[in-house]
Structures are given as structure tokens and as C-alpha cells.
Amino acid sequence: HVILEPVTADQLFNSGGIVTEGGDVIAERSVSGGFFGVGGKEDGGVTLNGAKVVKSLEFADGTKNGVIHEMDGFISPSTMWRYVDQLRIPGSN
């Protein structure tokens with residue numbers, strides 16, 4: 001997904017969520033430990049729609065700066081899933 005300005009993982013979390021070119025994405029703190037999501041502790045990381053930011057890489061291209069966030073899963077805004085739902089073939093599973 002594309003955000004039209006460079007942001008760090010902490011800036012993503014502090015925003016509470018972001019609007020990408022593909023739709024809205026929720027930003028939260030990642031949690032480690034626990035059992036089925038109960039009793040875990042925040043580990044200081046950031047998740048976007050449940051996918052954890054594993055690594056952030058900053059780059060510069062002369063006049064432009066950017067940040068690429070490596071994730072451990074897909075982050076798909078709900079808008080995308082609604083669109084995909086419309087593409088289902090009637091009678092298919």
C-alpha cells in the first residue's frame with residue numbers, strides 16, 4: 001500500500017490508523033505472549049491490521065525521501081475485501 005508521505009513505524013502507531021491509496025488501515029501496538037490473545041504484553045512494535053512491522057528501511061532518491069516497512073503478513077483494508085467479495089462467482093465457495 002502507498003502512503004503519500006514518509007512515516008516511521010512510531011508515527012504510524014501514533015496516528016491510530018492511516019488512509020492508504022487502497023483504503024483505511026488500523027495501527028496498534030504489537031503484543032507478545034499470552035494464550036489466544038489473552039494475557040499478552042505490548043512489546044513496543046507496531047501492527048497494521050494485525051500484520052507486524054518487522055523492519056523499516058529509509059531511502060532517499062535525490063529530491064524524494066521514503067520509508068519501506070517490511071511486514072510479516074498482508075495488510076488489506078476492508079474496502080479491498082468488499083471489492084473482492086463483489087468478484088465472487090455466484091454459487092462458488
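The sheet in this predicted model is an open one, built from five strands in the order S1-S2-S3-S4-S5 with antiparallel pairing, where strands are DSSP runs of E of at least two residues, numbered from the N terminus, and two strands count as paired if DSSP finds at least two bridges between them. Strand S1, residues 17-20, and S5 stand at the edges with a single partner strand each, so one side of each is left without a neighbour in the sheet. On average, neighbouring strands of this sheet are turned by 35° against each other, direction ignored, with axes taken as lines fitted to C-alpha atoms.

Let me turn to the hairpin. Strand S4, residues 51-61, pairs with strand S5, residues 64-71, in the antiparallel sense over eight bridges. Along this pairing, Glu58 has Val67 of S5 as its bridge partner, and Phe59 stands opposite Gly66 in S5. Two residues lie between the strands of the hairpin, and there Gly62 takes a positive phi near 70°.

Now to strand S2, residues 23-32, in which Ser30 is found. Ser30 is buried, with a relative accessible area of 4%, where buried means under 20%, exposed over 50% and partly exposed in between, using a 1.4 Å probe and protein chains only. Leaving out residues up to four places away in sequence, Ser30 touches Lys41, Glu42, Asp43, Gly44, Gly45, Val46, Thr47 and Lys52, contact meaning heavy atoms within 4.5 Å.

A word on conventions: residues are numbered from 1 along each chain as its sequence is written, and side-chain values use heavy atoms, with hydrogens and water left out. Local features need pLDDT of at least 70 and side-chain atom pairs count only at pLDDT 80 or more, whereas totals for chains, interfaces and linings use all residues.

Technical notes. Helices (H or I, at least four residues) and strands (E, at least two) are DSSP runs, numbered from the N terminus. Axes are lines fitted to C-alpha atoms, for helices over the stretch in contact, and angles run from 0 to 180 degrees between N-to-C directions.
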